[in-house]
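Trainee: Please take a close look at one part of this model with me. I would like to understand how the cysteines are paired, and what lies around them in the chain.

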Amino acid sequence: MSTSFGIGAARRWVYEKFKSINGQIGQDRLLPSYLQFTQPICGMNQHRNIMAILPGTGPQYQEVVLVEAHMDSRCKDVCDVLCLAEGMEDNASGTALVLELARVMSPFAYNRSIVFMVTIGEEQGLAGATAFANYCFSEGVQLKAVLNNDIVGGIICGETASPPGCPGLNEIDSINVRVYSDGVFNSKHKQLARFSKLEYQELLEAVMPVKPVVNIMTPEDRTGRGGDHIPFRQKGFASIRYTSANEHGNGDPTGTPDYHDRQHTMEDVLGVDTNSDGELDSFFVDFNYLSRNTVLNGNALAMAALGPVPPINFAVEPVNNGVAISFEDPDNHGEYRVGIRKYWDNDWELVNTIFTTADTIYGLIPGEEYAVSVACVDDLGTESLFSREYAVSFATGTREVRVSEQGLTLLQNHPNPFDEATVIAVKVDRALRYKEAYIAVYNIEGKELARMPIELKEGLNEVIYDFQNHQYIPGTYAYSLVLDGRVVDTKQMIYAY
Ligand SMILES: [Zn+2]
């Protein structure tokens with residue numbers, strides 16, 4: 001049993017790290033443990049995530065907020081267990097963030113319970129996160145927020161980074177951070193992203209010497225790639241992913257030209273020794289940037305763990321140039337926040353404070369469309385998570401609930417396999433309102449090869465993709481239907497000649 005090499009050694013090291021935190025703070029409140037699960041991954045069947053639970057001390061102690069990161073890393077071949085994949089950017093950076101938050105947060109008491117988790121098997125299909133999401137779902141765990149951190153320390157743009165993260169090769173960005181989450185309208189994931197950003201802007205931005213810029217991204221993840229937040233979303237838990245603005249992407253995409261990026265290769269190391277004095281002096285993981293991302297996460301996590309219970313039975317109606325809102329607050333806090341955003345914006349345009357559970361907010365633009373939600377505020381000024389959203393359309397004078405993926409089916413391409421061109425079709429059962437829809441084509445490494453706009457009318461809508469013209473190599477490819485920035489569905493297709 002190695003103490004310095006391989007996933008087992010890393011797992012034991014993380015467990016010991018969680019244990020030692022208790023020693024440092026002289027309390028035994030942080031409870032380290034494993035989540036064991038059975039799944040065949042590269043010839044191994046038994047796997048364990050490592051976690052530490054900080055039990056809540058308030059009335060909502062049975063509710064849970066989670067911060068997590070995967071610690072496994074990989075080389076080009078996902079099952080190459082012998083190559084030394086240090087995975088410093090992807091994802092020792094996230095692992096360090098989780099461990100540091102366990103250290104700095106565990107001396108304090110929170111209403112809800114906090115779970116600090118380090119997962120494994122992310123690179124082989126989000127296995128560790130799926131195991132915990134399934135566990136929470138089947139055991140009825142009241143998981144209220146999931147903050148996934150994956151690639152949160154790199155600031156250098158590589159060749160395979162997904163747009164819009166990197167403006168150009170080797171560009172540096174240590175200010176912006178991207179927050180990815182599923183859904184466009186009335187998405188609990190986007191609501192969690194907005195909450196995290198709001199707590200940063202209202203509590204931290206003024207006091208941080210270097211001020212991060214938090215970008216709420218429209219899609220669930222970078223083009224053609226995914227992460228540990230997705231299995232939680234699939235089980236209905238609010239989940240978001242933090243990622244660097246600039247990253248050194250997938251270094252070994254099969255079938256594409258000679259990229260030299262570091263992720264998923266043995267080159268994903270901490271830094272280099274440029275003057276050969278035996279010490280690293282130029283770093284690929286920027287410690288200041290990583291520490292700022294850690295502060296952003298800790299703040300959002302703490303506020304989600306501390307806050308009161310959100311309002312219930314929220315309703316909203318348009319009136320002249322405003323919205324009349326009403327809701328119930330079983331705990332009678334007497335102070336509330338109202339988040340209002342333009343329907344097509346990811347960010348709130350305004351977050352007002354009100355002092356009654358029935359009020360009207362004026363000053364909105366007639367003709368514009370808005371999405372509205374509310375939160376409770378406790379005696380200490382801590383917001384709850386925000387309620388569901390309602391859309392308000394002044395154009396029709398009615399309340400509408402809009403774009404949904406129901407009645408939208410991405411069909412298998414035909415013919416398949418194909419030797420030249422193939423037809424991709426989307427079946428639409430009822431009229432949709434949307435801004436932009438396209439079919440994206442990816443290679444097996446997730447690199448986007450093409451985008452074809454598609455019009456989504458009621459009935460069958462088709463686009464043709466010609467492979468022969470592009471001289472792609474034979475093999476498996478994927479295509480997705482993307483609606484207003486959201487991947488609705490993805491299917492595989494086989495190019496053979
Ligand atoms: Zn990763």
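Mentor: Start with the term itself: a disulfide is counted where two cysteine sulfur atoms lie within 2.5 Å of each other. In chemical terms, it is a covalent bond between the sulfur atoms of two cysteines. Keep in mind that the model is predicted.

By that rule, cysteine 75 and cysteine 83 are joined, with an S to S distance of 2.0 Å. The torsion about their S-S bond is 110°, and the link is right-handed. Cysteine 75 and cysteine 83 are both buried.

The count for this model comes to two disulfides. The other one is formed by cysteine 42 and cysteine 79, whose sulfur atoms are 2.0 Å apart. Here the angle about the S-S bond is -70°, and the link is left-handed. This pair connects distant parts of the chain, 37 residues apart. Cysteine 42 sits in the loop between strand 1 (31-41) and strand 2 (44-54), while cysteine 79 sits in the loop between strand 3 and helix 2.

Now consider how open these two residues are. Cysteine 42 has a relative accessible area of 33%, so it is partly exposed. Cysteine 79 has 37% relative accessibility, and therefore counts as partly exposed too. Both values fall between the cut-offs of 20% and 50%.

Next, put the bonded cysteines in sequence order and number them. The pairing is then 1-3, 2-4.

Two further cysteines can be described by their accessibility. Cysteine 136 has 1% relative accessibility, so it counts as buried. Cysteine 157 is buried because its relative accessible area is 2%.

Strand 3 and helix 2 also appear at the zinc ion. The protein donors there are His70 through NE2, Asp90 through OD, and Asp150 through OD twice, at 1.9 to 2.6 Å from the ion. Histidine 70 belongs to strand 3 (residues 63-70) and aspartate 90 to helix 2 (residues 88-105), so this pair, 20 residues apart, links distant parts of the chain. Histidine 70 and aspartate 90 are both buried. Along the sequence, the donor residues are spaced H-x19-D-x59-D.

Why is the arrangement around the zinc ion irregular? The four donor atoms subtend angles of 54 to 149°. A tetrahedral label would require all angles to lie between 85 and 135 degrees, so the arrangement does not count as tetrahedral and is classed as irregular.

Conventions. Residues numbered from 1 in each chain as written. Predicted model: local features only at pLDDT ≥ 70, side-chain atom pairs only at ≥ 80, totals over all residues. Heavy atoms only, no water. Donors = N, O, S within 2.8 Å, 3.2 Å for Na, K, Ca; no water. Tetrahedral: all angles 85-135°; square planar, octahedral: opposite > 155°, others 65-115°. Helix = DSSP H or I, 4+ residues; strand = E, 2+ residues; numbered from the N terminus. Buried < 20%, exposed > 50% of the residue type's maximum accessible area, 1.4 Å probe, protein only.
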